[in-house]
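Student: I have a structure to look at and would like to learn how to read it. Please go through it with me one feature at a time.

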Amino acid sequence: VMGSGWAIDHLFPYPLGYQVMFVASFLVAILEIVWWLRLREPAVHPDGPGQAAAPARIGLRSYLSVFRHRPFLRFTLVSIPFHFTWMMAWPIFTRFQVSELGMDNTWLSVLTVANSAIMMWAYPWLARRAERYGNLRMMAFSAVQLALAPILTAIVPNIQWLVVVNLVTGIGVAGVNLFLLNNLLDVSSSEGRPVFLAVHAALVSLQAAIAPLAGALMMNALSNRTALWVSAGFRMVTGCMFFVLLYVERRGQGNAVLGAKGV
């Protein structure tokens, strides 16, 4: 990654560098597809060693039925607004980093490597925190931490300090990636779990198509720094919604325990 950014800036004239890297990325993707096709999933025979399970038919009713599962519905009602405000800031970051801080492809590579490195370190550490505090609480802390990214970006004096900011915010990104899946598994029914995951992924993909457009509109209406501060406010609100969800879930569990005891 570091070499690709430097090569685009120094080895190839514009736009040849981008074309070379696009072709190289395409070839690497083809190799990845070939490698995945070589993997073989072990067969599962729930009805006996010689009998394969008949594939279940999934229709529109199956997808809509997941919203009757209240834990999944509550989590989705919090997760989707959070994803919207998270993705809304993406084009604002790019414009600010390029126009205000003068980021080129080399520095973009440095930021990518720094972010990836801190995420690789953070995953095991965050997993240990989840075992101690729970997935939902850690998801709430990670979501709120992402609200710091626009604030810290808006106040950095130069691109070098932005690398430090990415080291801090990368922990939040790693936490969201990790705890989002863990929470989805927790709130999904064991029966038809792939349907629950598919519905949530589809809704998140819808946000990925809409939210950057909303960010671009806000970016055109406001200055770069103001847009970052506003996006930070939106992120903070939707991040705190996970703490509200945590309170609701704990209150529901407490009422269930009292009901079981006959109090």
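Student: Is Ser 142 buried or exposed?

Tutor: This is a predicted model, and everything that follows is computed from it. A residue counts as buried when its relative accessible area is under 20%. Ser 142 has a value of 2%, so it is buried.

Student: Where is Ser 142 placed, and which residues is it in contact with beyond its neighbours within four places in sequence?

Tutor: Ser 142 lies in helix 7, which covers residues 135-146. Setting those sequence neighbours aside, its contacts are Gly 172, Gly 175, Val 176 and Phe 179.

Student: How many residues of helix 7 are buried?

Tutor: The count is 9 of the 12 residues, so helix 7 is largely enclosed by the rest of the structure. Besides Ser 142, the buried set includes Asn 135, Leu 136, Met 138 and Met 139. Ala 140, Ala 143, Val 144 and Leu 146 also belong to it.

Student: What span does helix 7 reach from its first C-alpha to its last?

Tutor: Helix 7 reaches 17 Å, close to the 16 Å expected at 1.5 Å a residue. Helix 4, residues 70-88, can be read in the same manner: it has 19 residues and reaches 27 Å, close to the expected 27 Å.

Student: Which residues of helix 4 are buried?

Tutor: Among them are Phe 72, Phe 75, Ser 79, Phe 82, His 83 and Trp 86. As a general idea, an α-helix has 3.6 residues a turn, so residues three or four places apart point the same way. The residues just named also take part in a contact between helices, which comes next.

Student: How is the packing of two helices described?

Tutor: Two packed helices are described by the angle between their axes and the distance between the axes. For helix 4 and helix 9, the axes come within 10 Å and cross at roughly 160°. That makes helix 4 roughly antiparallel to helix 9, and their crossing is left-handed. On the helix 4 side, the contact is made by Pro 71, Phe 72, Phe 75, Ser 79, Phe 82, His 83 and Trp 86. Helix 9 contributes Val 173, Val 176, Asn 177, Leu 180, Asn 183, Leu 184 and Val 187. Val 176 was named before, as a contact of Ser 142.

Student: At what angle do helix 8 and helix 9 pack?

Tutor: The angle between helix 8, residues 148-155, and helix 9 is about 170°, and the axes are 10 Å apart. Helix 8 and helix 9 are therefore roughly antiparallel to each other. Ala 149, Leu 152 and Thr 153 of helix 8 meet Leu 162, Val 165, Val 168 and Thr 169 of helix 9.

Student: What are the angle and axis distance for helix 6 and helix 9?

Tutor: Helix 6 (residues 105-133) and helix 9 (residues 159-187) pack at about 40°, with axes 7 Å apart. They are therefore oblique to each other, and the crossing is right-handed.

Student: Is Asp 186 of helix 9 buried or exposed?

Tutor: Asp 186 counts as exposed, at 52% relative accessibility. From Asp 186 to Asn 135 is 51 residues in sequence and 8.8 Å in space, C-alpha to C-alpha.

Student: What is the secondary structure of the whole chain?

Tutor: The chain has 11 helices and 0 strands. Of its 263 residues, 35% count as buried. Among contacts with a separation of 6 or more, 84% join residues 24 or more positions apart.

Definitions and conventions:
Residues numbered from 1 in each chain as written. Predicted model: local features only at pLDDT ≥ 70, side-chain atom pairs only at ≥ 80, totals over all residues. Heavy atoms only, no water. Helix = DSSP H or I, 4+ residues; strand = E, 2+ residues; numbered from the N terminus. Buried < 20%, exposed > 50% of the residue type's maximum accessible area, 1.4 Å probe, protein only. Contact = heavy atoms within 4.5 Å. Expected span 1.5 Å × (residues − 1). Axes fitted to C-alpha atoms, helices over the stretch in contact; angles between N-to-C directions. Parallel < 35°, antiparallel > 145°, perpendicular 65-115°, else oblique. Left-handed = near helix turned anticlockwise from the far one by under 90°.
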